[in-house]
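Here is my note on the model you sent round. Please read it with the coordinates open.

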Amino acid sequence: MRFISLLILFLSGTFTSMAQDKKQNENAIPNTVDSLYREDQFYIGLSFNLVTSQPDSFSQNGFSGGLHAGFIRDMPINKRRNVAIGVGLGIATNTYNSNLFIGETTTGESVFSILEAGANVDRNTFSTNLIEMPIQLRWRTSTPTDYSFWRIYTGLKLSYIYHYKAKFKSDSDSVTQTDIPELNRFRYAATLTLGNGSFNAFVQYDLQTLFNKDALIDTQRVNLQPIKFGIEFYIL
């Protein structure tokens with residue numbers, strides 16, 4: 001009788017525990033998968049800036065770099081949601097160190113010249129600050145539950161230079177130029193980004209020159225067509 005009583009008590013406790021577990025499972029919040037997910041992302045990038053289409057004797061010196069950051073809205077265009085259009089808004093800053101001097105005459109006309117080799121120059125830079133709008137065709141291997149994936153993003157970047165400055169400094173002189181009408185302030189560039197997870201490599205090639213046809217060194221056009229190489233990080 002004692003054995004039977006213990007058996008009944010054991011079975012009663014087991015069934016009670018099973019009933020409680022079932023009730024807890026029924027009341028638990030179910031794990032759901034977002035089938036309509038988007039890859040809306042903040043981005044930040046660092047770049048090394050080169051230029052092509054340069055005049056004779058032009059050379060870059062020191063480090064020419066850039067920094068850009070912003071946010072991109074993701075709009076999937078297929079059922080699997082691994083192909084999308086991305087449109088964003090951001091800011092960027094670029095610096096170019098070279099032997100190109102930019103100044104002006106006493107009448108306010110721009111002057112472009114190449115500094116002589118061996119000249120005692122402490123600083124000669126041209127810097128730009130931009131508002132930019134990237135437009136991307138985006139392909140990736142992402143899923144609603146996989147946040148580390150391969151990506152290839154290509155497209156255009158439209159931008160406007162809202163502030164710029166040419167700065168020259170030597171032992172005997174200092175020149176700061178902030179009025180350069182020959183500068184092409186509206187910019188457009190082709191872009192390509194590829195990578196995995198947060199770490200990505202990118203290249204950006206400007207589709208027009210920094211300066212228009214009126215920027216001359218004697219009779220030669222200054223031009224300068226930037227191309228940027230760097231790394232880009234996506235967050236979220």
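The points below go from confidence and fold to salt bridges, one loop residue and the cavities.

1. **Ground rules.** This is a predicted model; local features need pLDDT of at least 70, side-chain atom pairs count only at pLDDT 80 or more, and totals for chains, interfaces and linings use all residues. Residues are numbered from 1 along each chain as its sequence is written, and side-chain values use heavy atoms, with hydrogens and water left out.

2. **Confidence.** The protein chain averages a pLDDT of 88 (the predictor's confidence in each residue, from 0 to 100). A score of at least 70 is reached by 85% of the residues. Strand β3 (residues 83-97) has the highest confidence, at 98. Helix α1 (residues 2-27) has the lowest, at a mean of 48. Over residues 6-11 pLDDT stays under 50, and the model has zero contacts there beyond four places in sequence. Contact here means heavy atoms within 4.5 Å.

3. **Fold.** The protein chain has one helix and 13 strands. These are DSSP runs, numbered from the N terminus: helices are H or I, at least four residues, and strands are E, at least two. The helix comes at the N-terminal end of the order, and the strands follow. Of contacts between residues at least 6 apart in sequence, 69% join residues at least 24 apart. Of the 236 residues, 39% count as buried. Buried means under 20% relative accessible area, exposed over 50%, and partly exposed in between (1.4 Å probe, protein chains only).

4. **Buried salt bridges.** The structure holds seven salt bridges, each a side-chain nitrogen of Lys or Arg within 4 Å of a carboxyl oxygen of Asp or Glu. R140 and D74 form one of them, at 2.9 Å, N to O. R140 lies in strand β6 (residues 121-140) and D74 in strand β2 (residues 65-76), so this pair ties together parts 66 residues apart in sequence. R140 has a relative accessible area of 0%, and D74 has 0%. K157 and E132 form another, at 3.6 Å, N to O. K157 is in strand β7 (residues 150-170) and E132 in strand β6, so the pair links parts 25 residues apart in sequence. Both K157 and E132 are buried.

5. **Other salt bridges.** Is K213 buried or exposed? K213 is exposed, at 56%. Its salt-bridge partner D214, at 3.6 Å, N to O, is partly exposed, at 47%. Elsewhere, salt bridges with shared partners join R38, D40 and R73 into one network.

6. **S142.** This residue sits in the loop between β6 and β7. S142 is buried, with a relative accessible area of 1%. Its side chain makes a polar contact with the side chain of Y37 (2.9 Å). A polar contact is a pair of N or O atoms within 3.5 Å; within protein, one must be able to donate a hydrogen and the other to accept it, and residues adjacent in sequence count only if both atoms are side-chain atoms. Beyond neighbours within four places in sequence, S142 is in contact with Y37, E39 and F149.

7. **Cavities.** There are three cavities of 30 Å³ or more. On a 1 Å grid over the protein atoms alone, a cavity is a set of points where a 1.4 Å probe fits but cannot get out; lining residues have an atom within 4 Å of a point. The largest holds about 150 Å³. Of its 17 lining residues, N94, L130, S159, Q204 and D206 are closest to the centre. Strands that each supply at least two lining residues include β3, β6 and β7.

Methods
1 Å grid on protein atoms, 1.4 Å probe; cavity = no way out; pocket = protein on both sides within 12 Å on 5 of 7 lines; lining within 4 Å. Points joined across faces, edges and corners; volume = space filled by probe spheres on them.
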